[in-house]
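Colleague: Could you walk me through the terms people use for this model? I would like to see how each label is earned.

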Amino acid sequence: MAEKKDLDFTYTTIDKIFRLSIGETGDYSGAKYDGDFSMSLEEAQMAKHKFIADSLHIKKGSKVLDMACGWAPFTNYITKNRGANSIGLTLSKGQAAACQKNGFNVQVKDCRTVKPEDFGTFDAITCIGGLEHFVTIEDYKAGKQEQVYQDFFQTLNDLLPVGGRFYMQTMTFSKNMLPLEEISVEAEKGSASHVLALMIEEFPGSWLPYGPEMVINNADAKNFKLISKSSGRLDYIETIGQWRKKFRKFGFKKYALYFKLLMRYFTDKSFRHQIEVFKVSPNRVCFEDEIMDHYRLVFEKTA
Ligand SMILES: C[S@@+](CC[C@H](N)C(=O)[O-])C[C@H]1O[C@@H](n2cnc3c(N)ncnc32)[C@H](O)[C@@H]1O
C-alpha cells in the first residue's frame, strides 16, 4: 500500500493549492458528465454525488463510511442533501486537518483495515479514487495484487449487512498498458513508457488493477455481486482539463505557494521529477492513449 509519506507528497503538499483552486471541499476524482461536456465541472461532480447516493440508497440517518475521502466532497453532499451521518478516512494529514476545520468527522486511518470494533457497521460504504493506492509496485511484483483486493473486500464484508451497498471508482490499466520492465523515465518524452514513468512519480507506492474484471472477480470471491459498471474514461479527460484551468487561474495566495514549490524545484531532484506531472498531465495522456481506463462500480453484499 502507498504509505502515509507517499500520500502526503501527493495530497498534503498540494493541500492549500488544491483548496484555493478547486474549493474547500473539492473533488479530486473523475466527475460524471456522461459525455455532456456543456456541464460545468461542479455540475458534473454533483451528478456523480447524486448517482452514488441514489445507487447506495443513502437517506436521512444512513450511516456511511467515506473511505479515502479526500477533502470530503461526498461526505459534504450526503450530510447536506440527504441528512446522512458520514465518517471519512484519509491517509493525508493535510486533508484531515482541512476537513476537520470544515466541520467533518474525518480521521487519518488506513481504510483497508477498518474493523467493526472501530466505528461499528455501516449502511453504505464508498471508496472514490482510493483503490489506486492500495497496491504497490512491490506487491505487484510479488504477485500479491489480487490478495490485497480480496482482503479489502473482506474488510467491506465485515462492515456491511447483507444487501448493503458499496460504490467505488478507480483508474485501471487498459489494453495499451506496457510490461513494467519497459517503463522508464529516460524513455522518449511523450512515449507510453515515459508518461507511465511520470505517473509512477506522481503517485508513489501505487499500482492499478488490470481492468475492472480484476476488481469484480475479487469482489465476487468475498460475496459482492456487481450491480452496475460504467467507464468514466472520457469524463476523466474532461475533468483533468477543467482542473488544469482552475490550477492555473491566478490568485495571490496560490501563486505565493507555487513560488515556494519553485524554490524546492531548483534544489530537490526527485521533487523535480514529481512536479513534471503538473506540466505533462500523464494521467490525461494515459486515458487518451487507452493505457488506462476508469470505472465506476456499484456492488451489493450477498452473504
Ligand atoms: C484521488 S483522492 C480521492 C479523494 C476523494 N474520494 C474525492 O473523490 O475527492 C485519494 C484519497 O485516497 C486516500 N487514501 C489512499 N489510500 C488510503 C488508505 N489506505 N486509507 C485511507 N485513505 C487512503 C488519500 O489520502 C486521498 O484522500
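The talk below takes a few labels one by one.

Modeller: Happy to! This is a predicted model, where local features need pLDDT of at least 70 and side-chain atom pairs count only at pLDDT 80 or more, while totals for chains, interfaces and linings use all residues. Residues are numbered from 1 along each chain as its sequence is written, and side-chain values use heavy atoms, with hydrogens and water left out.

Colleague: What makes α3 roughly perpendicular to α4?

Modeller: The axes of helix α3 (residues 41–55) and helix α4 (residues 73–82) come within 10 Å and cross at roughly 70 degrees. Roughly perpendicular covers 65 to 115 degrees, whereas under 35 is roughly parallel, over 145 roughly antiparallel and the rest oblique. So α3 is roughly perpendicular to α4. Axes here are lines fitted to C-alpha atoms, for helices over the stretch in contact, with angles from 0 to 180 degrees between N-to-C directions. Helices themselves are DSSP runs (H or I, at least four residues), numbered from the N terminus.

Colleague: Which residues of α3 and α4 make the contact?

Modeller: M46, H49, K50, I52, A53 and D54 of α3 and P73, F74, Y77, I78 and R82 of α4. Contact means heavy atoms within 4.5 Å.

Colleague: And why is α8 called oblique to α10?

Modeller: Helix α8 (residues 145–159) and helix α10 (residues 212–220) pack at an angle of about 50 degrees, with their axes 8 Å apart. That angle falls in none of the three named ranges, so α8 is oblique to α10. On the α8 side, Q145, E146, Y149, Q150 and F153 meet M214, V215, N218 and A219 of α10.

Colleague: How do you know that α2 is mostly covered?

Modeller: Buried means under 20% relative accessible area, exposed over 50%, partly exposed in between (1.4 Å probe, protein chains only). Six of the eight residues in helix α2 (residues 15–22) are buried, namely D15, I17, F18, R19, S21 and I22. Just after α2, G23 takes a positive phi of about 120 degrees.

Colleague: What makes a set of residues a nonpolar core?

Modeller: The set must be buried Ala, Val, Leu, Ile, Met, Phe, Trp, Tyr and Cys residues joined through side-chain atoms within 4.5 Å. The largest such core has 65 residues, of which F153, F166 and F299 touch the most other members. Helix α8 gives the most to this core, with six residues. Apart from it lies another core, of 13 residues, among them L56, V64, A84 and A124.

Notes
Helices (H or I, at least four residues) and strands (E, at least two) are DSSP runs, numbered from the N terminus.
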